[in-house]
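Subject: Structure handover

Hi,

Here is the structure you asked about. Please open it next to this email; my notes follow below.

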Amino acid sequence: DTTHELASCLHMNYAFAVEFVELTLGQAKELKGLADNATNDRSLHGNAILSRYPLRELSVVPLPGTGEYWQKGGFDSEYRLGDRMALFAAIPVIGHSKETLWVDIVSTHLDNFIGEVYNEAAAATIADVLQNRTRPRASNSIGAVVGGDLGSPDESSSAAEYWHNHAGFHDPRSSTAMKPGGSHGHKGDWVVTSGSVVAVDGSPAIVETRYSDHNFMRLDLRILKPGAAG
């Protein structure tokens with residue numbers, strides 16, 4: 001249980017949700033070096049959120065449209081059952097007048113192999129859920145943080161642009177967005193924010209890793225007083 005182990009080491013709360021059951025031992029390049037008797041015991045592929053703060057209002061939102069592609073083996077005979085999804089949570093934050101405010105958190109993985117039309121449609125679904133989340137303190141929701149692989153084929157993203165143009169997110173080309181270069185050439189990973197949640201200038205950082213086709217991304221955030229311009 002990778003998420004549980006990470007959360008235990010970091011003394012964090014966590015949520016994990018499954019989007020695919022893997023039916024193989026991985027892609028061709030991942031099979032190299034595996035022992036002949038290697039097995040895939042858990043085979044669960046999904047998204048996670050870790051937080052030092054309490055995680056509330058957890059939900060999973062399906063993002064259908066990729067299931068058939070992966071059931072047929074995808075691009076590298078990596079057979080899966082399931083479909084993409086987004087994992088939602090909310091974090092309570094004490095405001096200036098001691099009231100409880102809420103920041104929505106979304107972890108997702110869109111799909112470069114399905115294409116940007118799918119990614120934009122998935123972004124629209126996520127935006128709609130964020131706008132219409134029902135909660136006892138809906139009026140105190142002050143912003144959102146969406147992080148993950150947005151499936152973008154280059155240094156732009158239809159999903160990030162959709163949120164900026166249609167859902168009030170900050171400009172993804174500003175310091176409130178995060179995208180990697182990296183030795184792997186993987187440009188799909190982003191962190192974007194909305195509302196009173198903004199990035200601290202100069203905080204974005206990328207740590208390359210040889211353990212994944214993604215890089216570790218670090219971004220310091222601060223919460224503005226609601227209604228403040230900057």
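With which side chain does the side chain of Arg133 make a polar contact? The partner is Asp104, at 2.7 Å. More on Arg133 further down. First, the basics.

**Model and confidence**

This is a predicted model. Mean pLDDT for the protein chain is 85. A value of 70 or more is reached by 87% of the residues. Helix H3 (residues 67-71) has the highest confidence, at 97. Strand S10 (residues 205-207) has the lowest, with a mean of 73. Please treat one stretch separately: residues 181-185 have a pLDDT below 50. That stretch still has twelve contacts in the model beyond near neighbours in sequence.

**Overall content**

The protein chain holds five helices and twelve strands. Of its 230 residues, 40% are buried. Take the contacts with a separation of 6 or more: 69% of them join residues 24 or more positions apart.

**The five-stranded sheet**

One open sheet has five strands, in the order S3-S5-S6-S7-S8. Its pairing is mixed. The edges are strand S3 (56-62) and strand S8 (189-193). Each has a single partner strand, so one side of each lacks a neighbour in the sheet. Neighbouring strands here are turned by 15° against each other on average, direction ignored.

Inside this sheet, look at strand S5 (residues 85-94) and strand S6 (residues 100-109). They pair in the antiparallel sense, over nine bridges. Ala89 has Ile105 in S6 as its bridge partner.

**Arg133**

Back to the opening question. Arg133 sits in the loop between H4 and S7. Is Arg133 buried or exposed? Its relative accessible area is 13%, so Arg133 counts as buried, the cut-off being under 20%. Besides the contact with Asp104, the side chain of Arg133 reaches the backbone oxygen of Glu57, at 2.4 Å. Leaving out residues up to four places away in sequence, Arg133 touches Glu57, Ser59, Phe88, Ala89, Ala90 and Asp104. Ala89 is the residue already met as the bridge partner of Ile105.

**The three-stranded sheet**

A further open sheet has three strands, in the order S2-S1-S4. The pairing is antiparallel. Strand S2 (44-51) and strand S4 (80-82) are the edges. Each has a single partner strand, so one side of each has no neighbour in the sheet. The twist from one strand to the next averages 35°.

Strand S1 (residues 13-22) runs antiparallel to S4, and three bridges join them. S1 and S2 also run antiparallel, joined by eight bridges. Val21 has a partner in each: Leu81 stands opposite in S4, and Leu44 is the bridge partner in S2. Glu22 stands opposite Arg80 in S4.

**Helix H5**

Which residues of helix H5 (residues 158-166) are buried? Ala159, Ala160 and Trp163 are. Seen down the axis of H5, the buried residues fall within an arc of 100°, so they line one face of the helix. The general background is that an α-helix has 3.6 residues a turn, so residues three or four places apart point the same way. The buried residues of H5 pack against helix H4 (116-132), strand S7 (141-149) and S8. On the other side of H5, Asn165 and His166 are exposed.

The ends of H5 are worth a look too. At its start, a side-chain oxygen of Ser157 comes to within 3.3 Å of the backbone nitrogen of Ala159. Just after H5, Gly168 has a positive phi of about 75°.

**The N-terminal helix**

Thr2 is in helix H1 (residues 2-10). Its relative accessibility is 61%, so Thr2 counts as exposed. The C-alpha atoms of Thr2 and Ala48 are 46 residues apart along the chain, yet separated by 9.9 Å.

**Where to begin**

I would open the view on Arg133, with Asp104 and the backbone oxygen of Glu57. Then turn to the buried face of H5.

Best regards

Key
Residues are numbered from 1 along each chain as its sequence is written. This is a predicted model: local features need pLDDT of at least 70, side-chain atom pairs count only at pLDDT 80 or more; totals for chains, interfaces and linings use all residues. Side-chain values use heavy atoms; hydrogens and water are left out. Two strands pair if DSSP finds at least two bridges between them. Helices (H or I, at least four residues) and strands (E, at least two) are DSSP runs, numbered from the N terminus. Axes are lines fitted to C-alpha atoms, for helices over the stretch in contact, and angles run from 0 to 180 degrees between N-to-C directions. Buried means under 20% relative accessible area, exposed over 50%, partly exposed in between (1.4 Å probe, protein chains only). The arc is that of the directions from the helix axis to the C-beta atoms. Contact means heavy atoms within 4.5 Å. A polar contact is a pair of N or O atoms within 3.5 Å; within protein, one must be able to donate a hydrogen and the other to accept it, and residues adjacent in sequence count only if both atoms are side-chain atoms. pLDDT is the predictor's confidence in each residue, from 0 to 100.
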